[in-house]
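This report describes a single protein chain, taking one central strand as the starting point and working outward. The sequence and the structure are shown next.

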Amino acid sequence: MRGKVFLIVILTFLTIALVIFRTSTQRLKLFCEEPLKSVVVKILEERRVAYEFSEPREADLVVRMNQVVYKGMVYHLEWEERINKRIEELILLHFPGASIKSSSAGFLSKSYEVAFQDSTHKIELRVAGDDALAGMIESILSQRNDYFENGFLLAPIEATFDGQKIFTYDPRAEQVFFEKTGGS
């Protein structure tokens with residue numbers, strides 16, 4: 001009789017230990033390139049995500065300047081070629097007769113040189129929204145894909161010319177909102 005009670009007590013403790021071990025907070029293994037590290041850490045801390053730094057091949061979340069990898073799924077932090085072509089069309093709608101050339105790409109941004117009226121100007125494109133990276137990381141971690149489609153960035157894009165916003169393009173809805181007159 002005592003042996004059965006002792007066995008039940010031991011099995012109960014083992015069960016409780018297993019439940020505690022299984023439900024303990026797991027830490028997200030993170031690798032992040034240096035220029036983004038402080039921003040990504042701040043985002044994770046604001047959302048109360050437990051994390052620990054890791055090597056890229058062991059990490060659950062790898063954040064680089066051009067892509068984010070989460071559990072093997074690659075999310076490119078650049079626009080797909082069809083979206084780049086659409087943006088060029090929109091620039092030409094806003095500046096008829098201009099010639100455009102892609103000049104540089106940065107983190108969640110891109111710029112074009114636009115030549116018209118015997119001068120060259122720069123148009124800056126960036127992901128719309130003040131906290132776009134935070135929204136992207138939250139979307140990736142919850143696997144909602146609010147900002148991505150087929151692994152490519154599909155967030156709304158703002159275009160600015162001489163510091164003034166000229167249009168916002170939402171590639172998911174295929175909608176364009178021009179800020180001032182002059183475009184078609």
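In this predicted model, four of the five residues of strand 11 are buried, so the strand is largely enclosed by the rest of the structure. Buried denotes a relative accessible area under 20%, exposed one over 50%, and partly exposed a value in between (1.4 Å probe, protein chains only). Helices (H or I, at least four residues) and strands (E, at least two) are DSSP runs numbered from the N terminus. The model is predicted, and local features need pLDDT of at least 70, side-chain atom pairs count only at pLDDT 80 or more, and totals for chains, interfaces and linings use all residues. Residues are numbered from 1 along each chain as its sequence is written, and side-chain values use heavy atoms, with hydrogens and water left out.

**Sheet**

Strand 11 pairs with strand 8 in the antiparallel sense over five bridges, and I123 has F161 of strand 11 as its bridge partner. Two strands are taken to pair if DSSP finds at least two bridges between them. Five bridges also join strand 11 to strand 12, again antiparallel, with F161 standing opposite Q164 of strand 12. Strand 11 and strand 12 form a hairpin with two residues between them, and D162 in the turn has a positive phi of about 50°.

These pairings belong to an open sheet of six strands in the order 6-7-8-11-12-13, with antiparallel pairing. Strand 6 and strand 13 (175-178) stand at the edges with a single partner strand each, so one side of each is left without a neighbour in the sheet. On average, neighbouring strands of this sheet are turned by 20° against each other, direction ignored. Helix 3 (residues 81-94) packs on the sheet and touches strand 6, strand 7, strand 8 (119-127), strand 11 (157-161), strand 12 and strand 13; the direction of helix 3 makes about 140° with that of strand 12. Such axes are lines fitted to C-alpha atoms, for helices over the stretch in contact, and the angles run from 0 to 180 degrees between N-to-C directions.

At one edge, strand 6 (residues 99-106) pairs with strand 7 (residues 109-116) in the antiparallel sense over seven bridges. K101 has E113 of strand 7 as its bridge partner. The hairpin of strand 6 and strand 7 has two residues between the strands, and L108 there takes a positive phi near 55°. At the other edge, four bridges join strand 12 (residues 164-170) to the antiparallel strand 13, where D170 stands opposite Q175.

**Helix 3 and the core**

L92 is found in helix 3 and is partly exposed, with a relative accessible area of 36%. Leaving aside neighbours within four places in sequence, L92 is in contact (heavy atoms within 4.5 Å) with A98 and I100. The C-alpha atoms of L92 and V114, 22 residues apart along the chain, are separated by 9.1 Å.

The largest nonpolar core has 45 residues, and those with the most contacts inside it are V40, F95 and I123. Such a core is a set of buried Ala, Val, Leu, Ile, Met, Phe, Trp, Tyr and Cys residues joined through side-chain atoms within 4.5 Å. Helix 4 (residues 132-141) gives the most to this core, with six residues. V40 touches L30, C32, V63, L133 and I137, not counting residues up to four places away in sequence.

**Loop residues with positive phi**

Most residues other than glycine have a negative phi. Two loop residues with positive values are listed below.

| Residue | Phi | Loop | Relative accessible area |
|---|---|---|---|
| R48 | about 55° | helix 2 (34-46) to strand 2 (51-53) | 78%, exposed |
| Q143 | about 55° | helix 4 to strand 9 (148-149) | 54%, exposed |

**Chain totals and confidence**

The chain has four helices and 13 strands, and 33% of its 184 residues count as buried. Among contacts between residues at least 6 apart in sequence, 53% join residues at least 24 apart. The chain averages a pLDDT of 85, and 89% of the residues score at least 70; pLDDT is the predictor's confidence in each residue, from 0 to 100. Among the elements of the chain, helix 1 (residues 2-23) has the lowest mean pLDDT (66) and strand 3 (residues 61-63) the highest (94). Where pLDDT is low, the predicted coordinates should not be read in detail.
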